[in-house]
Amino acid sequence: MKADALTLAHGLSFGDLYDRDGLVRLDGLFLDALGAADGDLRRRLEAARAEPDSLTRLAESELIIDLAPHLEGFIGGLFGIGAELAALRGEHEALAPIFEVRRNFVQRRAVKKIKADAAAALDGDALAAGMAALLGGPVTELSFARAVAGWLADEDTNSQALATAESYAAWATLSDAGRARHDGGVLFKEPGKLDFDHLVHHMVSEETIVGDAANGATCHRLDANHLRRREGFALTDAGVDLAGALGEANYCIWCHKQGRDSCSTGLREKAAKDAAANAAPPPFRKNPFGISLAGCPLEEKISEFQKLKAEGCSVGAFATMIIDNPMVAGTGHRICNDCMKSCVYQKQDPVDIPQAETRTLKDVLALPWGFEIYSLLSRWNPLNLTRPYPESATNKKVLVVGMG
Ligand code: SF4
């Protein structure tokens with residue numbers, strides 16, 4: 001969109017978004033709006049800005065999470081995109097039954113009751129036909145989840161339908177045929193066990209192509225369905241859709257609440273029992289390949305942004321991400337995964353944080369004025385307690401030199 005088509009609220013001009021005085025004024029408008037909606041929250045924010053070091057990490061996280069919906073609402077009003085933000089939130093809410101049913105019905109009930117051998121012996125086509133009859137239409141993840149969520153509200157009345165749904169969920173999650181039918185989905189899934197000797201899935205064959213088995217070179221082949229051919233320089237990986245990102249954000253257990261968000265701060269060895277309270281923290285653990293599990297080098301607030309994203313607060317999640325990682329367009333699922341290597345899940349699939357991060361970025365960029373919103377939040381971000389807007393210019397000249 002052309003800048004001259006943008007009409008900002010509060011009498012602000014496009015140029016104000018690129019000018020420190022304009023940003024200070026914008027910040028004042030935000031504080032006024034916040035104070036009108038929640039006076040206590042405004043006071044908490046102002047106290048935190050005055051003494052940011054006085055906050056514990058948990059208090060900072062809680063403040064950011066409380067502020068994020070207010071920031072999202074303010075951005076909606078500023079850019080005149082309240083309806084688009086409500087629609088985006090609605091997309092999140094519409095998918096919510098999938099994650100609720102995945103955790104409480106598919107993973108904690110169906111696959112515990114019906115083991116893999118029994119699931120593989122089930123007649124998938126007959127089960128699918130039975131489910132379709134119960135649903136009154138084709139079995140999609142959403143139609144299944146919505147129906148099961150409703151049936152669970154009255155288990156006695158719906159016991160027969162729930163029994164069919166249990167069998168279908170176990171077959172779809174545990175059998176080869178079921179997994180193939182729901183390939184790429186997020187509902188019929190349980191976390192896989194991590195095997196560091198077999199991290200590349202979809203391997204169909206290994207053969208020695210040069211020399212003998214002991215000394216030769218081995219050719220590993222992937223299932224043809226998982227090959228991606230590079231044509232020219234275009235990217236070959238589109239990343240996950242919204243359901244895929246929410247699948248990760250809901251798999252995350254939001255460890256910042258316990259101060260165990262190792263994706264952000266690194267996974268450390270256990271402290272010695274007799275260690276003094278002020279002793280240096282223990283070293284980072286290493287994975288079986290000897291890689292230090294130091295977490296995100298930027299200490300991005302991963303747990304917090306995934307909680308906000310799971311709750312449908314996309315701009316708030318994005319603003320949380322870029323407090324520490326303003327160049328998020330250059331990170332995400334095609335670049336780095338230090339964070340997911342350090343996830344608390346060390347024996348099962350870690351949360352695919354980079355996918356959730358990339359999708360959150362894309363959802364904001366897809367909004368009207370999405371780029372302008374990203375650009376603005378990289379200069380003015382009230383979730384950044386230490387530097388919500390740029391410092392005054394020092395008029396010093398700085399030369400930045402690098403070889404990258
Ligand atoms: S990504 Fe992993 S370590 Fe980080 S908060 Fe979620 S579950 Fe915890």
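**Exercise 1. Find the acidic partner of Arg-42 in this predicted model, and work out which parts of the chain the pair connects.**

Solution. Begin with the cut-off, which asks for a side-chain nitrogen of Lys or Arg within 4 Å of a carboxyl oxygen of Asp or Glu. Arg-42 and Asp-32 satisfy this rule, since their closest N and O atoms are 3.2 Å apart, and the two residues therefore form a salt bridge. Next, place each residue in its helix: Asp-32 belongs to helix H1 (residues 20-37) and Arg-42 to helix H2 (residues 39-50), so the pair ties together parts that are 10 residues apart in sequence. Finally, set this pair in its wider context, where the structure holds 19 salt bridges.

**Exercise 2. Describe how the two assigned domains of the protein chain meet, and state which helix gives the most to the side of domain 1 that touches domain 2.**

Solution. First write down the bounds, which are 1-46 + 242-269 + 282-391 for domain 1 and 85-181 for domain 2. The centres of the two domains, taken over C-alpha atoms, are separated by 33 Å, and the contact takes 15 residues from domain 1 and nine residues from domain 2.

Then turn to the area, where domain 1 and domain 2 bury about 1,000 Å² between them, with 67% of it on carbon and sulfur atoms. Of the area that domain 1 buries against domain 2, Leu-242, Asn-250 and Gly-312 supply 38%, which is more than any other three residues.

Now count the interactions: there are zero salt bridges between domain 1 and domain 2, whereas four residue pairs are in polar contact across the interface.

Last, look at the side of domain 1 that touches domain 2, to which helix H10 (242-251) and helix H13 (314-324) each supply at least two residues. H10 gives the most, with six residues, and the residues of this side divide into eight nonpolar, four polar and three charged.

**Exercise 3. Characterise the packing of helix H15 against helix H16.**

Solution. Start with the geometry: the axes of H15 (residues 353-365) and H16 (residues 370-379) come within 7 Å and cross at roughly 115 degrees. Then list the residues that make the contact, namely Leu-361, Val-364 and Leu-365 of H15 together with Gly-370, Phe-371, Ile-373 and Tyr-374 of H16. Sorting these residues by character gives six nonpolar, one polar and no charged.

Conventions: Residues are numbered from 1 along each chain as its sequence is written. This is a predicted model: local features need pLDDT of at least 70, side-chain atom pairs count only at pLDDT 80 or more; totals for chains, interfaces and linings use all residues. Side-chain values use heavy atoms; hydrogens and water are left out. Axes are lines fitted to C-alpha atoms, for helices over the stretch in contact, and angles run from 0 to 180 degrees between N-to-C directions. Helices (H or I, at least four residues) and strands (E, at least two) are DSSP runs, numbered from the N terminus. Contact means heavy atoms within 4.5 Å. Ala, Val, Leu, Ile, Met, Phe, Trp, Tyr, Cys and Pro count as nonpolar, Asp, Glu, Lys and Arg as charged, and the others, Gly among them, as polar. Domain bounds come from an automatic or database domain assignment. Buried area is the accessible area (1.4 Å probe) that two parts lose on being put together, summed over both. A polar contact is a pair of N or O atoms within 3.5 Å; within protein, one must be able to donate a hydrogen and the other to accept it, and residues adjacent in sequence count only if both atoms are side-chain atoms.
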